Each structure stands twice: as structure tokens, then as C-alpha cells.
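Here are some notes on the model, set out point by point, so that each can be checked against the coordinates. Please read them with the structure open.

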Amino acid sequence: MRITTWNVNSIKQRLPHLLGFLEEARPDVVCLQELKCQDEAFPGSEVEAAGYAVETLGQKAYNGVALLVRKPLVMSEIRRGLPGDAEDVQARYVEALVSGAETAPVRVASIYLPNGNPVDSPKYPYKLAFMERLRLHARALMADEIAVVLAGDYNVIPEPADAADPEAWRSDALFLPGSRAAFRALLAEGYTDALRACDPRDGLYTFWDYQAGCWQRNFGIRIDHLLLSPQASDRLVSASVQKHLRGLDKPSDHVPVTAELTAG
DNA sequence: ATGACCTAACTTTTAGGA
């Protein structure tokens, strides 16, 4: 079972790339972030025609997340939004139980974690509060003792090895000690960083800014992650970054990251 | 030298992104 996370930076702009990726990679589950459209504007018929069922949590212009599962897999127990964020109107979390006849169930979440910049604005405490709500929910999900995959754009550079030039990010919300500590607190609940578990090398990046020739200079950072519960980690076969998509015309600034799990 | 993108929106300029 292949599970992909991808911040597409506008689903309308990226639909051709998404359809091409679905065809070439044939992932079983895709977690999308930054749809930048409302639910009714999501290109559901095109994605369904490609063989996928869809659950979205859209928002006009900003944010927006979705889950795609390849038929005949099905989604149930859909959750939109994290517990405790009733007053939070930003569309950043959608979760479902994914199951099939020959596949042990996996609970999958698509997460678009707040950026948090500028750090002296309310956006940074909002980021940390979101991460704390996520940690508490991640802990609660452990009680089910089933495979859980929390996938998305975390907007956190976990370690210096996850940036081409860590010094350039020293005072940025993506790399501040508080953001990194909150990410480690998620891991401390018992979750495994799938890509890092499979590949210890430096230079694994998932985002390159559009500006300043960052892609051409490989000035990247690793901020898109799949966190696996022990039951999911036991099934982990491989994880990889689909870097080639950043080189296409009109790319997203993020590329897909995929973890492969055994069927059961 | 200190710039260099991209996207959506009540678009000719701004806000947000990272």
C-alpha cells in the first residue's frame, strides 16, 4: 500500500501534474495540501475518473486538504478538523479510515500545518497551538492499536541535515527550537518519520522556493513528512521523494513523498 | 548589487506563502 503526501499549491493549477502522477505512480492513498479552493470547486470528476474516491476539506483561496484513495479501497470514519479547534476556521486537517478486502485498515490524515511566520505575530503561537492539538490527537489515535499515518506539509525542518543551508533558516518559524521541539514531541508519542527511517542521507528535500533559483541551486528543505504509528511502522517497506516533479513546467514548490507499507 | 516567484482575489495591488 503506497501512501503519498503532496502540497500541490493550488489543485486547479496542478491538476495535470496530479493526474500524471496518479497514472505513473499509482499510489493507493494521496494526501493533498494547499488546495486553495472550496469543496465545490475541487476537480472531483477528473480525479474520480482516474480511479480515486475523494474527501476534501476546502477553503476559499487559502489552505485546503484532501484525501484520495484508489478504488476499490474505501474511506470511512471521516474527520474534518482536529479536536479542540471548533473556533479555528482554517482548513488544515482531514482524516479517514482506509480499508479494503485485501488490506489491513490504515487511518490516514492529510495535514497542512501552519507556517508560523512572522514569528513575532500571532501566527507563531497559532502554529504551536495547532501542533499541540495534533499531538494530543495523535496520542488518542494510539489507543486503537491500528496503523496510523499522519502525512502532510508540517512546515517544520526537523534537523540541520534537513536543510541545504540550516543557518539561513535559524530564525524562521520552520526551524525555530520551539517548532522542532513540538515536532519531536510528536515523535515521542511513538511515531516514526518514515522517510528518515528509510534513508539516513543528507540532502533529502521536499520543498524548493520558487525564488532565487533555489531549485537550480538545490537550496531545499525537508518539511513534508509521513509519521507512522508502531503498527504502521511495522509494515514500512520503503519511503522516497518524487523529486522529478519539481523539474516540470509550472511545478508546485513541494514534491510528493511516498511511503510503501505491506498490505497487512 | 542584494534581486531573483507563484497563487488567488470583488485583480491594475495585496496578502500569503516558506
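1. In this predicted model, six strands are arranged as an open sheet whose order is β5-β6-β7-β8-β12-β9, and the pairing within this sheet is mixed. The edges are formed by β5 (74–80) and β9 (192–193), each of which pairs on one side only.

2. At the β5 edge, the neighbouring strand is β6 (residues 93–100), and the two run antiparallel, joined by five bridges. One residue pair that can be inspected here is R79 with its bridge partner E95, the latter lying in β6.

3. Further into the sheet order, strand β7 (residues 103–112) is joined to β8 by seven bridges, and this pair runs parallel. Within this pairing, V108 is found opposite V149 of β8. The connection deserves a look as well, since β7, helix α3 (residues 123–142) and β8 together make a β-α-β unit that is right-handed.

4. How many of the residues of strand β8 (residues 147–153) are buried? The count is seven of seven, so that the strand is mostly covered. On the side of strand β12 (residues 224–228), β8 pairs in the antiparallel sense, over five bridges, and there L150 stands opposite L227 of β12. Strand β8 thus takes part in a parallel pairing with β7 and in an antiparallel pairing with β12.

5. Helix α4 (residues 177–188) allows a simple check of its geometry: with 12 residues at 1.5 Å a residue, the helix should span 16 Å, and because its end C-alpha atoms are 16 Å apart, the expected and the modelled values agree.

6. Which residues of α4 are buried? They are S179, A182, F183 and L186, and because they cover an arc of only 100° around the axis, they fall on the same side of α4. The spacing fits a general rule, namely that an α-helix has 3.6 residues a turn, so residues three or four places apart point the same way. On the other side of α4, by contrast, P177, R184 and A188 are exposed.

7. Finally, the contact with DNA: 24 residues surround DNA strand B, and the closest are S10, A61, N115, Y210 and A212. When the surface near DNA strand B is divided by class, it has seven nonpolar, nine polar and eight charged residues. I would ask that the text describing this surface give all three classes, namely nonpolar, polar and charged.

Note on methods. Residues are numbered from 1 along each chain as its sequence is written. Chains are lettered from A and ligands numbered from 1 in the order in which they are written. This is a predicted model: local features need pLDDT of at least 70, side-chain atom pairs count only at pLDDT 80 or more; totals for chains, interfaces and linings use all residues. Two strands pair if DSSP finds at least two bridges between them. Helices (H or I, at least four residues) and strands (E, at least two) are DSSP runs, numbered from the N terminus. A residue is near a molecule or strand if its C-beta atom, placed from the backbone, lies within 6 Å of it. Ala, Val, Leu, Ile, Met, Phe, Trp, Tyr, Cys and Pro count as nonpolar, Asp, Glu, Lys and Arg as charged, and the others, Gly among them, as polar. A residue is buried if 20 or more other C-beta atoms lie within 10 Å of its own, exposed if 12 or fewer, and partly exposed in between; C-beta atoms are placed from the backbone. A crossover is right-handed if, with the strands pointing away from the viewer, the path from the first strand over the helix to the second runs clockwise. The expected span of a helix is 1.5 Å times one less than its number of residues. The arc is that of the directions from the helix axis to the C-beta atoms.
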